[in-house]
Amino acid sequence: MKVKVLYFAKLRELFGMEGEVIELPGERAYAAAIVDLLRKRGEPWSTQLGLDSGNRMAVNQTLAGLVTPVQDGDEVAIFPPVTGG
Amino acid sequence: MKILVQESDFDPGAEIAALHAGRPKVGAVASFVGLVRDHSEGERVTTLTLEHYPAMTEKSLREIVEQAMGRWDLLDVTVIHRIGRLMPQDRIVFVGVASMHRGDAFAACEFVMDYLKTRAPFWKKEGTPEGDRWVEARSSDDVAADRWEDKR
């Protein structure tokens with residue numbers, strides 16, 4: 001399955017991209033599977049996406065967590081805690 | 001309900017007036033305007049750039065306002081949030097709430113701001129004489145949002 005992954009703010013700058021399409025095995029997975037895959041790339045991914053990084057996720061434009069299910073065609077965003085207002 | 005995400009400035013007076021114009025039921029309008037400060041963490045701030053997640057921003061603001069409308073007796077709500085490059089003293093955000101009585105308007109206005117601060121996908125980057133830096137989220141904002149969880 002393929003999911004569109006988007007990065008914002010500090011993560012977008014550090015990863016040097018706004019987003020990408022990632023391929024995962026199977027038809028469904030937890031959002032955590034995406035983070036695990038990205039962390040295996042090494043730095044800066046492994047540090048920035050560490051479990052203590054405090055980052056947030058959204059699946060299909062709704063706030064989500066590591067155990068949120070994702071499927072083919074979903075849009076998954078990873079970003080630092082928001083600072084609007 | 002009016003939700004706007006825009007680069008341009010807004011007129012708080014006109015927005016407040018629009019919330020009660022021609023609506024004799026409105027007895028109270030509470031509003032909040034957030035502004036760019038010229039100092040942060042002891043450093044001078046010369047610019048503030050706001051990034052957002054376009055596909056999600058409006059949707060998340062709408063959900064926050066819908067929650068407020070479910071909790072309090074509201075007649076209308078306006079939320080305007082600016083994006084792009086701003087300067088000290090510029091307006092960033094407007095929240096206006098119209099209701100019959102002031103208690104609902106005051107509470108809902110604060111609720112919308114507290115939730116916006118912790119749930120709407122905006123990120124601030126400050127320009128300082130030392131260079132640019134991303135603004136870190138404050139735990140006090142989480143505390144402010146959390147207190148609505150058990151206060152009904």
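The legends below describe close-up views of a predicted model, moving from the contact between its two chains to a strand pair in chain A and a single residue in chain B.

**View 1. The contact between chain B and chain A.** In this predicted model, the contact draws 25 residues from chain B and 21 residues from chain A. Between them the two chains bury about 1,900 Å², and 57% of this area lies on carbon and sulfur atoms. On the side of chain B, the residues that lose the most area to chain A are Tyr53(B), Trp123(B) and Trp134(B), which together account for 33% of what that side buries.

**View 2. Salt bridges and polar contacts across the contact.** Two salt bridges are counted between chain B and chain A. A salt bridge links Lys125(B) to Glu13(A), and the closest N and O atoms of this pair are 2.4 Å apart. In addition, 14 residue pairs, with both partners at pLDDT 80 or more, are in polar contact between chain B and chain A.

**View 3. The elements of chain B that touch chain A.** Two or more residues each are given to this side of the contact by the strands β5 (47–52), β8 (91–99) and β9 (122–128) and by the helices α2 (54–71) and α3 (102–119) of chain B. The largest share, five residues, comes from α3(B). Sorted by residue class, the side of chain B that touches chain A divides into 14 nonpolar, eight charged and three polar residues.

**View 4. Strands β1 and β2 of chain A.** Strand β1 (residues 2–7) of chain A runs antiparallel to β2(A), and five bridges join the two strands. Within this pair, Val5(A) stands opposite Glu20(A), a residue of β2(A). Glu20(A) also belongs, with Ile22(A), to the covered face of strand β2 (residues 19–23), whereas Gly19(A), Val21(A) and Glu23(A) make up the uncovered face of that strand.

**View 5. The surroundings of Gln6(B).** Gln6(B) is part of strand β1 (residues 2–6) of chain B. The residue counts as buried because its relative accessibility is 18%, which falls under the 20% limit used for that class. A polar atom of the side chain of Gln6(B) lies 3.3 Å from the backbone oxygen of Asp9(B). When residues up to four places away in sequence are left out, Gln6(B) touches Ile80(B), His81(B), Arg82(B) and Ile83(B).

Notes:
Residues numbered from 1 in each chain as written. Chains lettered and ligands numbered in written order. Predicted model: local features only at pLDDT ≥ 70, side-chain atom pairs only at ≥ 80, totals over all residues. Heavy atoms only, no water. Contact = heavy atoms within 4.5 Å. Buried area = accessible area lost by both parts, 1.4 Å probe. Salt bridge = Lys/Arg side-chain N within 4 Å of Asp/Glu carboxyl O. Polar contact = N/O pair within 3.5 Å; in protein donor to acceptor, adjacent residues only side chain to side chain. Helix = DSSP H or I, 4+ residues; strand = E, 2+ residues; numbered from the N terminus. Nonpolar A, V, L, I, M, F, W, Y, C, P; charged D, E, K, R; others polar. Buried < 20%, exposed > 50% of the residue type's maximum accessible area, 1.4 Å probe, protein only. Pairing = 2+ DSSP bridges.
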